[in-house]
Amino acid sequence: MLPNQIPNWIGTQERAAETNEWFDKLNPANGQILCQAARSRKTDILQAVETAKKAQSAWADMPAVQRGMILHKIVVGMQNRQSEIAAIVAAETGKSMKEALGETGGAIQCGLFYASEGQRLYGRTTTSGTVNKYAMTIRQPIGVAGLIIAANTPIANVAWKVFPALICGNTAILKAAEDTPATAWIFGQIAKEAGLPDGVLSIMQGFGEEAGAPLVAHNDVGVISFTGSTEVGCIINRVAAERFARISLELGGKNPLVVCEDADLESATKWVLLSAFSNAGQRCASTSRIIIFESVYEKFRDMLVEKTKKLKVGTADDCDFGPVINEGQLLGMVSAVEKAKKNGAAILCGGERMTDAEHKDGYYMVPTLIENVDPHDEISECELFGPVALLFKAIDFEHALQMANDTPYGLTASIHTKSIHRATRFYDKVQTGVAVVNAGTHGSEPHMPFGGRKLSGNGSREPGTEALDIYSELKDVYINIDPTQV
Ligand code: NAD
């Protein structure tokens with residue numbers, strides 16, 4: 001199913017890196033080598049940019065409706081090969097086949113949405129202040145788009161970037177996440193089979209500093225869209241801003257879920273478990289701060305700990321979650337928990353690597369709940385991106401809201417309450433890009449805008465029609481319908 005070596009796609013050609021270097025991609029479920037991927041460097045990126053530049057004007061000149069029809073063929077290809085894509089996602093990430101199929105379904109929905117945008121790509125017609133004049137806006141492509149993604153939901157991340165970039169008439173270079181090279185590669189194969197013209201999409205494998213950085217720095221890459229950590233987002237923001245490139249940053253989170261005293265505690269427990277632990281907590285939208293009203297704190301905590309201890313960890317469909325993506329991430333989390341413990345944190349459950357026979361070779365962390373930490377401790381403020389959540393006590397609603405906002409991040413938030421007044425005040429005042437009432441913290445649907453405030457992003461929103469603003473230039477057009485009049 002998986003080739004031993006995953007090459008780049010430079011347009012429709014599969015290519016090894018110019019140096020012919022390869023790096024190992026390990027299976028997170030057992031630490032074994034799964035495949036190797038091309039270790040691209042600046043020279044490879046330069047080739048991809050030249051290829052994208054050559055293909056751009058013909059792609060832009062094709063009516064958007066026709067571009068949409070080609071994108072639709074890619075979507076059909078994804079539907080036909082959904083199980084194959086999902087099997088690769090599952091192998092690369094360690095998530096269950098059921099989860100991987102669901103994720104692939106989401107990517108297909110996203111593709112469908114943007115393929116249909118070819119029939120819209122609306123500008124605006126409006127009035128002019130001058131007689132005999134019409135005023136309107138039209139959308140035009142930016143040129144070459146540089147797309148850089150994380151590994152957590154690999155096929156969804158590919159779809160979120162590639163489809164909107166292409167429907168707007170840009171050609172694109174996707175720098176795949178180094179932990180999920182094969183998912184990006186199979187997408188390239190499907191795009192080729194669907195008849196995407198040569199050069200419209202290149203998919204480059206490699207590490208961030210070696211293959212991502214030259215893309216960000218390249219003067220001919222007019223828009224950079226990045227999904228990843230805030231730390232790397234800061235670097236990209238600086239480098240791309242130097243040359244006034246358009247930048248979209250979808251970054252990390254430290255997302256709160258508030259449990260009020262009037263909440264349905266059973267249901268809130270269920271949502272916390274899903275939000276904190278699904279995909280092994282590797283979701284930018286995952287719940288990592290659980291803020292509980294004092295009056296129900298002990299009761300809710302005990303319910304949650306009991307259920308957390310029963311979670312099943314592994315790669316089978318009946319498991320609640322699997323391994324984290326690589327060993328570095330696992331070790332980083334374990335040491336963050338150790339450090340918090342030394343500073344007085346109480347570990348309610350978990351806090352360590354799984355070392356039993358079934359899990360010891362993979363990158364598995366015991367689901368972890370922690371209390372007795374200060375809201376400004378390091379562990380409370382930095383994103384761990386794993387199955388670790390912290391519990392905090394709030395005196396009342398205003399205190400809970402203040403704690404929810406007292407964080408460097410602002411991506412998602414949720415409240416559990418039966419009060420419409422509290423729910424309304426919460427979604428109104430919480431400083432995040434997504435607010436949820438009586439469910440988990442999650443991302444957006446494909447037709448809705450997602451993004452964060454503060455250190456979670458730079459204010460851009462993807463996907464939805466809002467992503468079209470990232471990948472296109474608006475031009476004002478005025479038509480004088482009576483040139484004899486001055
Ligand atoms: P990361 O920032 O380490 O890497 C993300 C991508 O950036 C990778 O492809 C990597 O190769 C590349 N990269 C690294 N250094 C680079 C550089 N100097 N120049 C250019 N590219 C570079 O992130 P990660 O650990 O792979 O992913 C986890 C992070 O992604 C978390 O912070 C998570 O919250 C975030 N994330 C955000 C969203 C969102 O929509 N807001 C979605 C998923 C993940």
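Reader: Which helix gives the most to the shell around the ligand, and what makes a stretch of chain a helix here?

Author: Helix 7 gives the most to that shell, with three residues. Helices are DSSP runs of H or I with at least four residues, strands are runs of E with at least two, and both are numbered from the N terminus. Helix 7 (208–217), strand 11 (221–227) and helix 8 (230–242) each supply at least two residues of the shell. This is a predicted model, in which local features need pLDDT of at least 70 and side-chain atom pairs count only at pLDDT 80 or more, while totals for chains, interfaces and linings use all residues. Residues are numbered from 1 along each chain as its sequence is written, and side-chain values use heavy atoms, with hydrogens and water left out.

Reader: What makes a residue part of the surroundings of the ligand, and how many residues surround it?

Author: A residue is near the ligand if one of its heavy atoms lies within 4 Å of it. The ligand is surrounded by 25 residues, the closest being Lys 175, Glu 178, Ser 229, Leu 251 and Glu 383.

Reader: How do you divide the shell residues into nonpolar, polar and charged?

Author: Ala, Val, Leu, Ile, Met, Phe, Trp, Tyr, Cys and Pro count as nonpolar, Asp, Glu, Lys and Arg as charged, and the others, Gly among them, as polar. On that scheme the shell holds 14 nonpolar, seven polar and four charged residues.

Reader: Why is the approach of the ligand to Ile 149 called a polar contact?

Author: An oxygen atom of the ligand is 2.8 Å from a polar backbone atom of Ile 149. A polar contact is a pair of N or O atoms within 3.5 Å, so this pair qualifies. Polar backbone atoms of Gly 208, at 3.2 Å, and Gly 228, at 3.3 Å, also face an oxygen atom of the ligand. The protein covers 86% of the 850 Å² of accessible area that the ligand has on its own, by the Shrake-Rupley method with a 1.4 Å probe.

Reader: Which domains supply the shell, and where do their bounds come from?

Author: The shell draws at least three residues from each of domain 1 (5–251 + 457–475) and domain 2 (255–437). The bounds come from an automatic or database domain assignment. The domain centres, taken over C-alpha atoms, are separated by 31 Å. The contact (heavy atoms within 4.5 Å) takes 23 residues from domain 1 and 21 residues from domain 2.

Reader: How much area do domain 1 and domain 2 bury between them?

Author: They bury about 1500 Å², 50% of it on carbon and sulfur atoms. Buried area is the accessible area (1.4 Å probe) that two parts lose on being put together, summed over both.

Reader: What makes the backbone at Asn 372 notable?

Author: Asn 372 has a positive phi of about 65° although it is not a glycine. Asn 372 sits in the loop between strand 16 (368–371) and helix 12 (378–381).

How values were computed: Polar contact = N/O pair within 3.5 Å; in protein donor to acceptor, adjacent residues only side chain to side chain.
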